[in-house]
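Trainee: I am new to this structure and would like to look closely at a single part of it. Could you take one helix and go through its surroundings with me slowly?

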Amino acid sequence: MPGAQQSAAPSGATATATMTAVPAGVTTTNRPPAQANRGAASHAKPKGHGRGRAKAPAGTDAKAKPRDAFFDNAKYLAIVLVAMGHSWEPLRDGSRSAAALYITVYAFHMPAFIIISGYFSRSFDMRKDRLQRLVTGVAVPYVLFEVAYTLFKRWADDDPGYPISLTDPWYLTWFLLALFVWRLTTPLWKIVRWPVPLALAIAVLASVSPDIGDDMDLQRTLQFLPFFVIGLCLRPEHFKLVRRRKARIVAVPVFALALLFAYWAAPRMNAAWFYHRDSAQELAAPWWSGAVMTLAMFGCSLVLVACFFAWIPGRTMWCTALGAGTLYGYLLHGFLAKGSRFWDWYDNPWMHTPWGAVLLTLIAGTVITVLCTPPVQRAFRFAMEPKMTWAFKKDPVGAARGRN
């Protein structure tokens, strides 16, 4: 999702982290802080060595840290699944297979993005530069795209009165707002004794609380919270566990069983449960089912995310570089996804044939791939990762250090 992108210090996302998740403030280096600093002491130069060289300001790296191909590959493949899932949505009523694929993908693609976003938010604190990245890489893109999506809906859907509201995210922008809240709460999750059970309890309570309403898309923020907190608690060795050969072998039958269950459940289950945007009562279900479904889907999502990670290549591939642009693909493809509904592209009966579904899937994968490429990133960096140095006060300590 986006999600978590990687920069010198995890924004956690850019999620886009970016999941993040999937951009400054939404981004972060794919390399964990502890790992990045490993060996620094052993390679320290003797006192007086290199005298006369300018020192790098505190909090910055003299050299850009390498990105981890595994996480870039994971973000790219997850964003491809997001786009494909959006292309399958209008096909669900006429195709049980499309509905089964849709349910299966929705069970894990956003949790995967959010976990990665949390993982690269572990070093987030209230330091000035990190707060600035949070504003420029998450808050500013949220405002710009919320306005852009609203104007697009007014024009494309012939709805000139549709209001601009920064408190009611429209379509995909909810992730940026949620990421902003999650990251601000990161210091809290670092100090509590049982962060994951606490976050899960909050998600359960949200699922049975219809009075939360739609403001700030708070239901999604709270119900997806446990995945972000899990990301904060993960370490490199946890990812190594799910990438072993045995895990890859087990992932195949697990995904097969998930697809079979989804095929059975498609006509019987409300897919809105997977959006995590409503309480049980709002889905016309008894209140207690909110707690049951939240816990059940949390467990299922974790298993499928682990299976997804098990098959992510750890080597650099042709698509690895695209992992840095997943937030771009996530936000930009929303105009086409919604435009296809506004302009009745799915009214063509051929679209609802098996070959039509295959073609739509390929088109979705191709479009999202193009939107993650460096040229697109350069074209839209002004909106996704604005520098905005003019908007922030200069750090007097940093300025004095630079003069010295």
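Mentor: What follows is a walk around helix H6, with a few words on the whole chain before it and on some other places after it.

Please keep in mind throughout that this is a predicted model. The chain has 404 residues, of which 49% count as buried, and its secondary structure comes to 17 helices and two strands. Its accessible surface is about 19700 Å², and carbon and sulfur atoms account for 65% of that area.

Helix H6 covers residues 174–184, and because eight of its eleven residues are buried, the helix is largely enclosed by the rest of the structure. If you want to find these buried positions yourself, look for Trp 174, Phe 175, Leu 176, Leu 177, Ala 178 and Leu 179, and then for Trp 182 and Arg 183. What do they pack against? Their partners are helix H4 (109–119), helix H5 (128–156), helix H7 (186–191), helix H9 (218–223), helix H10 (225–233) and helix H14 (326–342).

Among these partners, H4 is a good one to follow in detail. In general, two packed helices are described by the angle between their axes and the distance between the axes. For H4 and H6 the angle is about 35° and the axes are 12 Å apart, and the crossing of these two helices is right-handed. On the H4 side the residues that meet H6 are Met 110, Ile 114 and Ser 117, while H6 brings Trp 174, Phe 175, Leu 179, Trp 182 and Arg 183 to the meeting. H4 is itself largely enclosed by the rest of the structure, since eleven of its eleven residues are buried; the buried residues include His 109, Pro 111, Gly 118 and Tyr 119.

Three residues of H6 also appear in a wider setting, the largest nonpolar core, which has 98 residues: Trp 174, Phe 175 and Trp 182 are among the members that touch the most other members, as are Ile 79, Phe 308, Phe 309 and Tyr 330. Helix H2 (residues 69–88) gives the most to this core, with twelve residues. As a general background, nonpolar side chains in soluble globular proteins tend to be buried together. To see how one of these core residues is surrounded, take Phe 308, which, leaving aside its neighbours within four places in sequence, is in contact with Ala 74, Leu 77, Ala 78, Leu 81, Phe 108, Ala 112 and Phe 255.

Just before H6 there is a residue that deserves a careful look, namely Tyr 171, which lies in the loop between H5 and H6. Tyr 171 has a positive phi of about 65° although it is not a glycine, and with a relative accessibility of 19% it counts as buried, because the limit is under 20%. Most residues other than glycine have a negative phi. A second case is Met 388, in the loop between helix H16 (374–384) and helix H17 (396–403), where phi is positive at about 55° and the relative accessibility of 18% again counts as buried.

Finally, the cysteines can be looked at briefly: a search of the whole structure finds zero disulfides. Cys 233 is partly exposed, with a relative accessible area of 33%, whereas Cys 372, at 0%, counts as buried.

Definitions and conventions: Residues numbered from 1 in each chain as written. Predicted model: local features only at pLDDT ≥ 70, side-chain atom pairs only at ≥ 80, totals over all residues. Heavy atoms only, no water. Helix = DSSP H or I, 4+ residues; strand = E, 2+ residues; numbered from the N terminus. Buried < 20%, exposed > 50% of the residue type's maximum accessible area, 1.4 Å probe, protein only. Areas by Shrake-Rupley, 256 points an atom, 1.4 Å probe, with all protein chains shown as cover. Contact = heavy atoms within 4.5 Å. Disulfide = S-S within 2.5 Å. Core = buried A, V, L, I, M, F, W, Y, C linked by side-chain atoms within 4.5 Å. Axes fitted to C-alpha atoms, helices over the stretch in contact; angles between N-to-C directions. Left-handed = near helix turned anticlockwise from the far one by under 90°.
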